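Let's take a walk through this structure together, one piece at a time. Have a look at it first, and then we'll go through the strands, the cores and the rings.

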Amino acid sequence: MSLILRPYEPGDRRAAIGLIHQLNVFEDAISGDRAKDHAAAEACLDLDLRRAAEQGGAVVLALDCREAVGMMAFFIDRKEPYLSAEIGKVGHIAELVVDERHRGQGIGTALLEEAERLARLHAVSRLRIGVIAGNGVARRAYERFGFRAAAIELTKEVGR
């Protein structure tokens, strides 16, 4: 595999939407709460691109022979007032997805390494990534990469 990582370009739109759609369908099978239509994936990409432009960061594609095989979004979150002064800005990784046909080949790790590179480039001292409850494969991969649980988000359905 000849993997190339590069910033999103407008010609990548269809491939990026396809990858986000794949992620939404995969996560919906675990959580049952993801929108599975292409319009939702398109809206997600648009939000990622807007956040990267406004907050700093990038949407990055992983390409193998010009085929998009993975992607991630990286944003710089403003410093939260509850964090100690030493932490400063935090890099946020979102929409990390590897095409189902290419999983287990190190593409996710390459994207995480790119997030670390971007963090250092922007003088960010901490990375944050989310994983949905029940996605043990992703959680174990992130933990092997050095992430650790920092907070647990709980939800409760309250009806309408």
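A word we'll need along the way is "buried": a residue counts as buried when its relative accessible area is under 20%. Histidine 92 comes in at 19% relative accessibility, so it counts as buried. Keep in mind that what you're looking at is a predicted model.

Where does histidine 92 lie? It lies in strand β4, which covers residues 90–98. Nine of the nine residues of β4 are buried, so this strand is largely enclosed by the rest of the structure. Leaving aside neighbours within four places in sequence, histidine 92 is in contact with Arg51, Ala73, Phe74, Phe75, Asp77 and Arg128. One of those contacts, phenylalanine 75, is also the bridge partner of histidine 92. And Phe75 has something else going on: arginine 51 lies over the face of its ring, at 4.0 Å from the ring centre.

Now let's move to the strands around β4. On one side of the story is strand β3, residues 67–77, where 10 of the 11 residues are buried. β3 and β4 pair in the antiparallel sense over seven bridges. Besides the pairing of Phe75 with His92, methionine 71 has valine 97 as its bridge partner in β4. β3 also pairs with strand β2 (residues 57–64): these two run antiparallel as well, and eight bridges join them. One of the bridge pairs here is aspartate 64 with glutamate 67. β2 and β3 form a hairpin with two residues between the strands, and there cysteine 65 takes a positive phi near 55°.

What about strand β5, residues 126–129? Does it run parallel or antiparallel to β4? The two run parallel, joined by four bridges. Isoleucine 93 has isoleucine 129 as its bridge partner in β5.

Let's stop at one more residue of β3, isoleucine 76. At 10% relative accessibility, Ile76 counts as buried, because the cut-off is under 20%. Setting aside residues within four places in sequence, Ile76 is in contact with Gln55, Gly56, Gly57, Lys89, Val90, His122 and Val124. The C-alpha atoms of isoleucine 76 and glycine 88 are separated by 10 Å, and these two residues are 12 residues apart along the chain.

On to the cores. In soluble globular proteins, nonpolar side chains tend to be buried together. Here the largest nonpolar core has 22 residues, and Met72, Phe74, Ile93, Leu96 and Leu112 touch the most other members. β2, β3, β4, α3 (107–121) and α4 (136–145) each supply at least two residues of this core. Which element gives the most to this core? That's α3, with six residues. To get a feel for the surroundings of one core member, take phenylalanine 74: not counting residues up to four places away in sequence, it touches Ala52, Gly56, Gly57, Ala58, Gly91, His92, Ile93, Ala115, Leu118, Ala119, His122 and Leu127. There's also a second, separate core of 19 residues, and Ile20, Ala52, Leu61 and Val97 are among them.

Next, the aromatic rings. A pair of aromatic rings is described by the distance of the centres and the angle of the planes. This structure holds two such pairs. Tyrosine 142 and phenylalanine 147 are edge-to-face, 6.2 Å centre to centre with 65° between the planes. The rings of phenylalanine 145 and phenylalanine 147 have centres 6.3 Å apart and planes at 25°, so this pair is stacked. Tyr142, Phe145 and Phe147 form one aromatic cluster. Both Phe145 and Phe147 are buried, and tyrosine 142, at 12% relative accessibility, counts as buried too.

Another ring has a charge for company: the charged end of arginine 103 sits over the ring of phenylalanine 26, 5.1 Å from its centre.

Finally, swing over to helix α1 (residues 13–31), which is the place of histidine 21. Histidine 21 has a relative accessible area of 18%, so it is buried. The side chain of His21 reaches the backbone oxygen of lysine 36 at 2.7 Å. Not counting residues up to four places away in sequence, His21 touches Lys36, Asp37, His38 and Ala41.

Notes: Residues numbered from 1 in each chain as written. Predicted model: local features only at pLDDT ≥ 70, side-chain atom pairs only at ≥ 80, totals over all residues. Heavy atoms only, no water. Buried < 20%, exposed > 50% of the residue type's maximum accessible area, 1.4 Å probe, protein only. Polar contact = N/O pair within 3.5 Å; in protein donor to acceptor, adjacent residues only side chain to side chain. Contact = heavy atoms within 4.5 Å. Phe/Tyr/Trp six-rings, centres within 6.5 Å; stacked < 30°, edge-to-face > 60°. Lys NZ or Arg CZ within 6 Å of the ring centre and 35° of its normal. Pairing = 2+ DSSP bridges. Core = buried A, V, L, I, M, F, W, Y, C linked by side-chain atoms within 4.5 Å.
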